[in-house]
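User: Could you pick one part of this structure and take a close look at it with me? I'm in my first year, so please go step by step and explain the terms as they come up.

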Amino acid sequence: LSIKSIIMKKQIFAVSMTVLLATGVAFAAIQQGQVMYKQADGTYVVNTTSLTPNVKGFKGATPLEVYIKNNKVVKVEALPNRESPKFFDRVKQVLLPKFNGMKVAKAAKAQTVDGATGATYSSRAVKENVAAAVAYYKKNK
């Protein structure tokens, strides 16, 4: 192999890796822009960012990702928001885990779940987001 062909192969490899990486990033961005997508293991992920833009906590929207498999909530993850970290950390530690393993039918009535003390607005918004995510899942799965 000549030096020229080695350089050419390295350039082709670099371009191929760039295209592959860009495709992966684009795919991830597309999935994140969707309200709901299905993971390879059968878990549905509902992103409430565009689903519930008017559901506000104390300082603004409190978007979530709700993971659902076999009609049960697997987990609820908070997405970036403007809530006070001190109070929202309480919500993440106390409220979000309460949905883990909960049947979709019960999670749809999320208002019955006790919120985090001292974080009333954030808790209310999170419960509304979970209820909306579950309703969307039930309608669109």
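Analyst: What follows is a close look at strand 2, its neighbours and the aromatic rings linked to this region.

First, a word on the basis: this is a predicted model, in which local features need pLDDT of at least 70 and side-chain atom pairs count only at pLDDT 80 or more, while totals for chains, interfaces and linings use all residues. Residues are numbered from 1 along each chain as its sequence is written, and side-chain values use heavy atoms, leaving out hydrogens and water.

Let's start with strand 2 itself, which covers residues 44–47 (strands are DSSP runs of E, at least two residues; helices are runs of H or I, at least four; both are numbered from the N terminus). Which of its residues are buried? Y44 and V46 on one side are buried, and so are V45 and N47 on the other, leaving both faces of the strand covered. Buried means under 20% relative accessible area, exposed over 50%, and partly exposed in between (1.4 Å probe, protein chains only).

Now look at what lies beside strand 2. Strand 1, residues 36–38, runs antiparallel to strand 2 and is joined to it by 3 bridges (two strands pair if DSSP finds at least two bridges between them). One spot to find on your screen is K38, whose bridge partner in strand 2 is Y44. These two strands make a hairpin with 5 residues between them. In its turn, G42 has a positive phi of about 95°.

Strand 2 also pairs with strand 3 in the antiparallel sense, over 4 bridges. Here Y44 appears again, standing opposite I68 in strand 3. N47 has a partner in strand 3 too, namely E65. Strand 3 spans residues 64–69 and is mostly covered, with 5 of its 6 residues buried.

Following strand 3 onward brings us to strand 4, residues 72–78, which runs antiparallel to it and is joined to it by 6 bridges. In this pairing V66 stands opposite V76 in strand 4. Strand 3 and strand 4 form a hairpin as well, with 2 residues between the strands, and N70 in this hairpin takes a positive phi near 55°.

Let's return to Y44, this time for its ring. The structure holds 2 aromatic pairs. In one of them, Y44 and Y137 meet edge-to-face, at 5.3 Å centre to centre and with 70° between the planes. This pair links distant parts of the chain: Y44 belongs to strand 2 and Y137 to helix 4 (residues 120–140), 93 residues apart. Both Y44 and Y137 are buried.

F58 and Y121 form an aromatic pair that is tilted, with the centres 5.6 Å apart and 40° between the planes. (Rings of Phe, Tyr and Trp, using its six-membered ring, pair if their centres lie within 6.5 Å; planes under 30 degrees apart are stacked, over 60 edge-to-face, and the rest tilted.) F58 lies in the loop between strand 2 and strand 3 and Y121 in helix 4, so this pair ties together parts that are 63 residues apart in sequence. What about their cover? F58 is exposed, at 58% relative accessible area, while Y121 is partly exposed, at 47%.

To put the picture together, strand 2 pairs with strand 1 and with strand 3, and its Y44 also forms an aromatic pair with Y137, which sits in helix 4.
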